[in-house]
Amino acid sequence: MSDKALDQVLQGDSLEIMEDLPSESIDLVFADPPYNLQLSQELYRPNMTRVEGVDADWDRFDGFREYDDFTRAWLSGCRRLLRDDGGLWVIGTYHNIHRVGAILQDLGYWILNDVLWVKANPMPNFRGTRFTNAHEILIWASKNKKARYTFNHHAMKSLNGGKQMRSDWYLPLCTGSERIKRNGKKAHATQKPEALLYRVLLASTDPGDVVLDPFFGTGTTGAVAKRLGRHWIGIEKEARYVEIARKRIEAITPDSVEPEVLNVVRERPPRVPFGKLLEAGLLRPGEELYFRGDRSLTAKVKPDGRLRINGFEGSIHQTGSHLAGGSPCNGWVHWYYKDGEGQLRVIDALREVVRKGDPDRVTAA
Ligand SMILES: C[S@@+](CC[C@H](N)C(=O)[O-])C[C@H]1O[C@@H](n2cnc3c(N)ncnc32)[C@H](O)[C@@H]1O
């Protein structure tokens, strides 16, 4: 990739500009394309303030056929630009995402997940004619079925408090100081929250990767990419948004660009049997553990690393599952021990101490 395009907002039609970019030069595409909302009338809140919806020219198409042709063209362009192990995310609503999904499958992309962005604070359906539309759908796809795409599973798990990240993401709309305004009004009708892009980029790229956003808008993708040490290329046809995006990204100084800080764990951490905690002296035989931090639900630790509760014996997972009525249970995050000051702490902290080989850290755990 020539440095001319890297970390730049390119102004123009993405279908044309993508033609000038070299094949197989992009690691990830994030696309937030026009929705084809086809709004026929203005929308007002009950207090008669006008809803700043998507009624701009960039969202106008002459019917589904034109929209499909446009979708096929940009998805084909992205496919040429993607490296073989690259990935693509596209976000949309019920107006367009199902058409986009079918077309990307027809083109040979392989859908890995659809993810629901569940809006913590959605706009109500003011007329009361339908359900509140409270989510958008992201499709995550690899270039083809066999591609070795990037997925930072452990980083996602860690971001999610040790539990596997699910495909329903509860995140608020872009509001407050993050929302870019001009003359007191939203600068762009569909600015996405940085939290959404943070998750997407952390999950499916590594530091130094090149991320292309062919519908850049206010540059949310570039802003987050810059913070996370990824390269980015934004294409946006409207001059006013290009200016906003450039200023926004220029104003960002990443706190760190060191690879050792920005790299995330790629491999599964070493397995630690629960009994190791006893061998290391971090827990003692006979000591009490508390289920989900509840001081009335206790089990005794046996010398072999099993737990005993009301005559039932088993591993930390089996006893947890027993107490949870048979549901699967990751005992590491559900059992608590009492530290030297009488505070209840999750036993997963002790597992980390064993992994780091530093039992002195137990008091800080
Ligand atoms: C849904 S918005 C993207 C908003 C963006 N994700 C953000 O957070 O600000 C789509 C953007 O694509 C731009 N656009 C639409 N068609 C385009 C095209 N053919 N080439 C380049 N940009 C286009 C629009 O001007 C609009 O800013």
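Colleague: What makes you say that helix α5 lies across strands, and which ones are they?
Modeller: This is a predicted model, and in it helix α5 (residues 194-204) lies across β2, β3, β4, β5, β6 and β9. Contact takes heavy atoms within 4.5 Å, and those six names are the strands listed for α5. Its direction is at about 140 degrees to β6.

Colleague: And helix α7, what does that one touch?
Modeller: Helix α7 (residues 239-250) packs on the sheet through β1 and β10. The angle between its direction and that of β1 is about 175 degrees; angles run from 0 to 180 degrees between N-to-C directions, so α7 and β1 point in nearly opposite directions.

Colleague: In what order do the strands of that sheet come?
Modeller: β1-β10-β9-β2-β3-β5-β4-β6, an open sheet of 8 strands with mixed pairing.

Colleague: Why are β1 and β6 called edge strands?
Modeller: β1 (8-11) and β6 (168-171) each pair on one side only. From strand to strand, the twist averages 20 degrees.

Colleague: How do you know that β9 and β10 are paired?
Modeller: Pairing needs at least two bridges, and β9 (residues 210-213) and β10 (residues 231-236) have 4, so they pass; they run parallel. One of the bridges puts Val211 with Trp232 as its partner in β10.

Colleague: What makes His188 a polar contact of the ligand?
Modeller: The cut-off is 3.5 Å between N or O atoms, and a polar side-chain atom of His188 is 2.8 Å from a ligand oxygen, so the pair counts. Asp13 qualifies too, with a side-chain N or O atom 3.2 Å from a ligand nitrogen. Lys237 uses a backbone N or O atom, 3.2 Å from a nitrogen of the ligand.

Colleague: How much of the ligand's own accessible area does the protein cover?
Modeller: 99% of 610 Å².

Colleague: Which residues come nearest to the ligand?
Modeller: Asp32, His188, Thr218, Thr220 and Glu236, out of 23 around it. By kind, the shell has 9 nonpolar, 8 polar and 6 charged residues.

Colleague: What about the other sheet, the one with β14 and β16?
Modeller: That is an open sheet of 6 strands, ordered β14-β13-β12-β11-β15-β16, with antiparallel pairing.

Colleague: Why do β14 and β16 stand at the edges?
Modeller: β14 (312-314) and β16 (344-346) have a single partner strand each, so one side of each lacks a neighbour in the sheet. The twist here averages 35 degrees from one strand to the next.

Colleague: How do you know that β13 and β14 pair?
Modeller: Two bridges are enough, and 3 join β13 (residues 307-309) to β14, so they pair, running antiparallel. Leu307 is opposite Gly314 in β14. Helix α10 (residues 316-323) packs on this sheet, touching β11, β13, β14 and β15, at about 140 degrees to the direction of β14.

Terms used. Residues are numbered from 1 along each chain as its sequence is written. This is a predicted model: local features need pLDDT of at least 70, side-chain atom pairs count only at pLDDT 80 or more; totals for chains, interfaces and linings use all residues. Side-chain values use heavy atoms; hydrogens and water are left out. Helices (H or I, at least four residues) and strands (E, at least two) are DSSP runs, numbered from the N terminus. A residue is near a molecule or strand if one of its heavy atoms lies within 4 Å of it. A polar contact is a pair of N or O atoms within 3.5 Å; within protein, one must be able to donate a hydrogen and the other to accept it, and residues adjacent in sequence count only if both atoms are side-chain atoms. Accessible areas come from the Shrake-Rupley method with a 1.4 Å probe; for residues, only the protein chains shown count as cover. Ala, Val, Leu, Ile, Met, Phe, Trp, Tyr, Cys and Pro count as nonpolar, Asp, Glu, Lys and Arg as charged, and the others, Gly among them, as polar.
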